[in-house]
Each structure stands twice: as C-alpha cells, then as structure tokens.
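Me: I should like to work through this structure by question and answer. Please reason briefly each time and finish on the value or name requested.

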Amino acid sequence: NSWIGRPWHTEEYLHPSAWTMSRGLHFIEQHDKETPFFLHLSFARPHSPYVPPQSYFDMYNNQDTPQPYIGDWAAMHDNADDASDVNAWRGKLSDSRIHRGRAGYYGEISFIDMQVGRLKNWLERHQPETLRNTWIIFTSDHGDMVGDHNLWRKTYAYEGSARIPMIVCPPDTQQTDVSEHIVDGVTELRDIMPTILDAAGIDIPPTVTGRSLLPLMKGSTQDWRRYIHGEHCWCYSSEQEMQYVTDGHRKFIWLPRLGVEQFFDLDRDPGECKNLIDDPARAREVSTWKGFLISELESRDCG
C-alpha cells in the first residue's frame, strides 16, 4: 500500500492490467458465439503502490500534475512524521513525492483506458457482431486520495475515495433507446446487477435493493433515490470511522470517534476544502442532511 510511484519493473504484458485483459480476450475468443455471456474484468489497478508501465508513468511524471486539495479542516492530517512510513495512510509529503505518486496513479488509469480500447478494437476486428450486441459497464469499487487533504488510499467519505466512475455503454442495437447521455441521478454499485438483468430482459428479484439504470438513461427519474448513505468502520485508524450522506451536490460527514461533523457544497467546492458545518447561512441545509443520516441510523440502535 505504499504511496511510492515508479514504473512497472518488467515487461508491459505482465502488468496486472494487461494480463487481466488478455484473459478476458481469451474467454471471448473461446466462447460459443451463440450463447449469451457475462464477463467480469476486475483490474487490480489503479492501486498503491502506483506502478504503471514506463511510458505511462513518464506521460505524467514529465509534466505537472494537479496540486492536492487541502481543506481548511485538514491540519489534523499534516504531520510529516506520520508520512515517514511508506505505507502511511496520512501525513504531509514533499511536493516531489506527491507528484510521483500522482504520476503513477494517473498512469495506471491511462493504462486501463488502453486496455478497454484493446477490448473494443479486438471485438471490432474479430467479432463485430458480438460488440454490436454487448453492453459494457465501467465502474470501480473506490478511488484513492493520492495526497488530497494529506490523506492516501481509501475508506474515506471524501470525493477522491468515495466518488467513482459509472459509465454504461449500450450496444449499437439499443443506442437509440438512450435519451440521456449524462445522468444526474444518484447511483450505486448495487444498481449494476438489476441494470444487467433489465438489459437482458430478465426479471429483477424483489429482494434486490438496487435499481436498474435503464429508466434514468431514458430520461425517467420517477421515485429515484434522493441520496446515498456510505459508511466505513475504522481501518488504518479509529479516527477515520465515518458515516456520510450525499447526492453529489451536497455532502454531510460524521466522524463518530472524533465527534466531528462536516458539510460540503460540492457544486462550489468539489475539493471539499471549506467545511460549512458552522456557517449560519447553511444551518437549514445542514439540519436537512443530518436528518437524512439520522433516518438511516436510528433503527440500528448503535449509538
């Protein structure tokens, strides 16, 4: 879990991202073309340590990378001594170390982009009919703070860790059914399975709590969820146990071990640099969002 960024140490085709796609292409090549299939390609990267192939590392290391967001509340994470451990979850690192970590992280993402392109190019060349009849969904389980607020890795309520891509690409045969190309609805990983079942014309079990995204893609937002609730018990430190609610525009965070509450206007402050929890002008909003979290937790009787 090191924050060190450096090039992958051996041949590019042996990188986990390349190997994963090679296995996926082998599966499709060997598969009976008359039988429907579900292929789950789980890339182990981008993940610390940040080790893309050399050219993908150089792509970002040889130019400027964005400075990390540092919030007006983040001083509790800026102890340089904490960062002396290469596996540190927090701590103030030098600009050069942050840059190399980010170059490695961005390079790993770009290398995955290339692998997805490799899949589409292979299908276009060898199995165009399969491509025209296949849905592709691209998402992730989490992100990485890569130095934002002097934090590294995952398990946080903040955008770098908690906000993930959700790209749904219909096959050519159904592109005309999609009216919305950028959807503002609040989505979660639990929506993927019912979306796939819906696309395949299979009934969604009534026990499923996620919802198909196809109505959203067709412009219907009827009765859609207003927010999502996220939580994590402590992992690196008890301080970081957290609960949060967000709709992608506002976010309320509670750190119960510290007794800390945070409220962010993500439209104006996507980096979560200004904690508005004590802003009198936001008191009504804060009360509303705190109420959402209370409604999620009150039935648990967990304090």
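Me: What span should the 15 residues of H8 have at 1.5 Å a residue, and how far apart are its end C-alpha atoms?

Reply: The model is a predicted one. At 1.5 Å a residue, the 15 residues of H8 should span 21 Å. The expected span agrees with the separation of the end C-alpha atoms of H8, which is 21 Å.

Me: Which residues of H8 are buried, and how wide an arc do they cover around the axis?

Reply: The buried residues of H8 are Val286, Trp289, Phe292, Leu293 and Leu297. They lie on the same side of H8, because the arc they cover around the axis is only 130°. In general, an α-helix has 3.6 residues a turn, so residues three or four places apart point the same way. The arc asked for is 130°.

Me: Which strands are included in what covers the buried residues of H8?

Reply: Val286 is one of the buried residues of H8, with a relative accessibility of 7%. The cover over the buried residues of H8 includes four strands: E3, E4, E5 and E6.

Me: Leaving aside neighbours within four places in sequence, with which residues is Val286 in contact?

Reply: Val286 lies in helix H8. Its C-alpha is 10 Å from that of Asp265, although the two residues are 21 apart in sequence. Once neighbours within four places in sequence are set aside, the contacts of Val286 are Phe263, Leu276 and Ile277.

Me: In what order do the four strands form the open sheet, and which are the edge strands?

Reply: The four strands form an open sheet with antiparallel pairing, in the order E3-E4-E5-E6. An edge strand pairs on one side only, and this holds for residues 228-232 and for residues 260-265. The twist from one strand to the next averages 15°. The edge strands are E3 and E6.

Me: How many bridges join E5 to E6, and which residue in E6 is the bridge partner of Trp254?

Reply: Strand E5 covers residues 250-255 and runs antiparallel to E6. Six bridges join the two strands. In E6, the partner of Trp254 is Glu261.

Me: Is strand E4 largely enclosed or largely open, and which residues lie on each of its faces?

Reply: Strand E4 is largely enclosed by the rest of the structure, because five of its five residues are buried. In general, the side chains of a regular strand alternate between the two faces of the sheet. Both faces of E4 are covered, with buried residues on each: Met242, Tyr244 and Thr246 on one side, and Gln243 and Val245 on the other.

Me: Over how many bridges does E4 pair with E3 and with E5, and which residue in E5 is the bridge partner of Thr246?

Reply: E3 and E4 pair antiparallel over five bridges, with His229 opposite Val245 in E4. E4 and E5 also pair in the antiparallel sense, over four bridges. In E5, the partner of Thr246 is Lys251.

Me: Which residue in the turn of the E4 and E5 hairpin has a positive phi?

Reply: E4 and E5 form a hairpin, with three residues between the two strands. The residue with a positive phi, of about 90°, lies in the turn and is Gly248.

Me: Are Glu272 and Lys251 buried or exposed, and how far apart are their N and O atoms in the salt bridge?

Reply: Glu272 is buried, at a relative accessible area of 2%, and Lys251 is buried, at 0%. The pair links distant parts of the chain, with Glu272 in the loop between E6 and H8 and Lys251 in strand E5, 21 residues apart. The N to O distance in the salt bridge between the side chains of Glu272 and Lys251 is 2.8 Å.

Me: Which parts does the salt bridge of Asp267 and Arg250 tie together, and which residues form the network that includes them?

Reply: The side chains of Asp267 and Arg250 meet at 3.3 Å, N to O. Asp267 lies in the loop between E6 and helix H8 and Arg250 in strand E5, so their salt bridge ties together parts 17 residues apart in sequence. Asp267 is partly exposed at 48%, whereas Arg250 is buried at 18%. Salt bridges with shared partners make one network of Arg250, Asp265, Asp267, Arg268, Arg282 and Glu285.

Me: How many salt bridges does a search of the whole structure find?

Reply: One further pair is Glu188 with Arg190, whose closest N and O atoms are 2.8 Å apart. Glu188 is buried at 18%, while Arg190 is partly exposed at 39%. The number of salt bridges found in the whole structure is 20.

Notes
Residues numbered from 1 in each chain as written. Predicted model: local features only at pLDDT ≥ 70, side-chain atom pairs only at ≥ 80, totals over all residues. Heavy atoms only, no water. Pairing = 2+ DSSP bridges. Axes fitted to C-alpha atoms, helices over the stretch in contact; angles between N-to-C directions. Salt bridge = Lys/Arg side-chain N within 4 Å of Asp/Glu carboxyl O. Buried < 20%, exposed > 50% of the residue type's maximum accessible area, 1.4 Å probe, protein only. Contact = heavy atoms within 4.5 Å. Expected span 1.5 Å × (residues − 1). Arc of directions from axis to C-beta.
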